[in-house]
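Here are a few short exercises to work through at your own pace. Keep the coordinates open in your viewer and try each task before reading its solution.

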Amino acid sequence: MDPEGVERRLVAVLSADAVGYSRLMAQDEGATIRTVRDYREQIGVLVRQHRGEVVDNPGDNVLAQFPTALDAVRSALEIQRVIRARNADVSPDRKMEFRIGVHLGDVAFEGGRVYGEGVNLAARLEGVAETGGICVSATVYEQVRNHLDVSFEDVGEQRLKNVAEPVHAFSVRLERPSIEEAARTLQVASRPRGVLAVAAVAAVVGLSAAVWWGWSRVPEFPGPAADGPPSIAVLPFTNMSNDAEQEYFADGITEDLITDLSKVAGLVVIARNSTFTYKGKAVRVDQVGRELGVRYVLEGSVRKAGDRVRVTAQLVEAANGHHVWADRYDRSIEDVFEAQDQLTAQIVAALELSLSAGEQDRVRALPTDNMEAWDAYLRADHEMFIGGLDPLLRARGLAERAVELDPDFGAAWALISGTYMSAWLGQLTDDPETMNRAIETAEEGTRVAPRDARALQQLASVYSFAGRMEASIAAADRAVAQNPNQAQAYLALAQNYMMSSRFEEAEAASDRARRLDPYGLFVDWYAGLVRAWRGRFREAIPHLERAAARQPGFIPPHSTLAWCWIELGDEPAARAEAAKVLEISPGWSVREMENRIPITSPETWERMVEALMRVGLG
């Protein structure tokens, strides 16, 4: 009889372990810690997407349990495909690969811990798997063999350490995909099911774990015109601290610089979503210049030790690699905003730009003067970019701490609002009060900080999904006035104009967002969607296909492609896209979204619904 408090269940157990972890640690401890943390987060996302739960993740190992063997093996397949895609550009000596074992058996649960023979067998089977492979027990094989489009190799009876009897095992045969196929398997950190739930996904999607990279990157824009405004991309600053946990701080410094530079009307500044696709990658500045269509690239590093911060930065001409300017700033943590202001001013001077009095005031405006609140906000923002429900709740708690410390912190109020809106539109809750809380906190953000562009952009988003189109447009216009490079505000304008049947204005706003955030996860979907709503279905398809390739787990590009193909008379292509939708979310229905988004163009909406119902998405 089990001791009191111990619960026993029959579950499928997945054990994943990094290969060569010790070797990688010896080569570069900091980079290896960041990579394994990143992969653990990504694996956790893919586990949850298949109804699983991570029950332990010590060191380089992840242990998860699932209600069925089929869920566990599907998750394992997805994990290996994603890791292969992400490794496509990594040198062989720095690749981090995983072995996975899966077993269906009896497991004991006690006080949040799990143990028992089922756990032990999964771990031992993981040791039998090939590098980058999956090994399952015969029990699992019998449950899944007729339900998966993969082949299995019988590897016979295996004598496993600390297991009395031999275990019959099977290896899952994984075909090695091409780079393009691998990219199509890359999953982002959240899978909201709504047709228009852009703001939800934008707030939940993970940055480090969700960034796509495996597919071929091609230049999206021509080079900047010689007589056009100067354009700049701020690459993610490198965390030079010994503590890998300070990654959020380096990311926060980078984002603050992007925000400050974005307030300059005479400068085109590429958004964080696009520049952070280069995070952790060895790239040339001329490559960045071509792919983002910018004249200048800013790169640098941050070292935080105790209460001291060192920031180094250099401004480079993208086309020829010429160093325009470089400097180093050593400050106490209390003076980090001063360093950022000085850095921004020197960049503006190097680019020979002159600021109006209003721009000077906007650039110098501090989001908060409370350093503890600012630190909590940076941590919250980092959690939002991880993706998933748990990070979302952690982000909310941290942002709430920030406004406790500084009630006038507008951006922190906006972040709180974003967590509520993401939960509602991402269908993580059915509580109707959730969206009301999103509105209330967004309104509080603009009340306490009426000139904060992020707070205004968030207000525009929540008003849009509440059906208050004119109020949303007004808030977005105010956001753009404060920050002419606010890509998300242009997306909010595009959505409002589109839903108000102002299609020409919607297309202009979406194209502006795409220029500012060329590799953003949603700009191509909006560019395609607005063209589809204007009846230009063939023109919409390339945009939608790019959006789907970048974010395969995001339903809207696939459902909109299905609509386009129906309108163009290609029902097989439409059904293929519909199948992808149902693979992501079985039972998905376009009608589910009618009570979650405003329908202000009912004729177009019904036309789309009718088309999607023809291919089983009604």
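## Exercise 1: A charged pair and its network

Arg531 and Glu507 are both buried. Bear in mind that this is a predicted model.

**Task.** Describe how Arg531 and Glu507 interact, and find the network of salt bridges that includes them.

**Solution.**
- Step 1: Look at the closest N and O atoms of Arg531 and Glu507, which are 3.2 Å apart. The cut-off for a salt bridge is 4 Å, and the pair is indeed a salt bridge.
- Step 2: Place the partners in the chain. Arg531 belongs to helix α21 (residues 523–533) and Glu507 to helix α20 (residues 503–516). With their positions 24 residues apart, the pair links distant parts of the chain.
- Step 3: Widen the view. Salt bridges connect Glu507, Asp511, Arg531, Arg534, Arg536 and Glu539 in a network.

## Exercise 2: Salt bridges within a helix

**Task.** Work out where the salt bridges Asp286–Arg290 and Glu444–Arg447 sit, and classify the exposure of each partner.

**Solution.**
- Step 1: Start with Asp286 and Arg290, whose side chains meet at 3.4 Å, N to O. Both lie in helix α10 (residues 285–292), four residues apart, about one turn of the helix.
- Step 2: Turn to exposure. Asp286 is partly exposed because its relative accessibility is 25%, and Arg290 is also partly exposed, at 42%.
- Step 3: Repeat for Glu444 and Arg447, where the closest N and O atoms are 2.7 Å apart. These two are separated by about one helical turn because they stand three residues apart in helix α16 (residues 433–448).
- Step 4: Glu444 has a relative accessibility of 21%, so it counts as partly exposed. Arg447 reaches 57%, so it is exposed.
- Step 5: For the whole structure, the count comes to 35 salt bridges.

## Exercise 3: Ring geometry

**Task.** Among the nine aromatic pairs, classify Tyr248–Phe249 and Tyr377–Phe409.

**Solution.**
- Step 1: Recall that a ring pair is described by the distance of the centres and the angle of the planes.
- Step 2: For Tyr248 and Phe249 the centres are 6.4 Å apart and the planes make an angle of 85°. An angle over 60 degrees counts as edge-to-face, and that is the class of this pair. Both Tyr248 and Phe249 are buried.
- Step 3: For Tyr377 and Phe409 the values are 5.1 Å centre to centre and 45° between the planes, a tilted pair.
- Step 4: Tyr377 lies in helix α13 (residues 371–384), while Phe409 is in the loop between α14 (389–405) and α15 (410–425), so the pair ties together parts that are 32 residues apart in sequence.
- Step 5: Both partners fall under the 20% cut-off for buried: Tyr377 has 8% relative accessibility and Phe409 has 0%.
- Step 6: Phe249 has a further partner, as Lys304 lies over the face of its ring at 5.4 Å from the centre.

## Exercise 4: The nonpolar core

**Task.** Which residues have the most contacts inside the largest nonpolar core, and what does Leu343 touch?

**Solution.**
- Step 1: The largest core has 125 residues, and those with the most contacts inside it are Ile232, Phe237, Phe249, Leu298, Leu343, Ile347 and Val462.
- Step 2: Leaving aside residues up to four places away in sequence, Leu343 touches Leu257, Leu298, Val311, Ala313, Trp325 and Tyr329.
- Step 3: A second, separate core has 38 residues, including Leu46, Ala64, Phe66 and Leu77.

Conventions. Residues are numbered from 1 along each chain as its sequence is written. This is a predicted model: local features need pLDDT of at least 70, side-chain atom pairs count only at pLDDT 80 or more; totals for chains, interfaces and linings use all residues. Side-chain values use heavy atoms; hydrogens and water are left out. A nonpolar core is a set of buried Ala, Val, Leu, Ile, Met, Phe, Trp, Tyr and Cys residues joined through side-chain atoms within 4.5 Å. Buried means under 20% relative accessible area, exposed over 50%, partly exposed in between (1.4 Å probe, protein chains only). Contact means heavy atoms within 4.5 Å. Rings of Phe, Tyr and Trp (its six-membered ring) pair if their centres lie within 6.5 Å; planes under 30 degrees apart count as stacked, over 60 as edge-to-face and the rest as tilted. A charge sits over a ring if NZ of Lys or CZ of Arg is within 6 Å of the ring centre and within 35 degrees of the ring normal.
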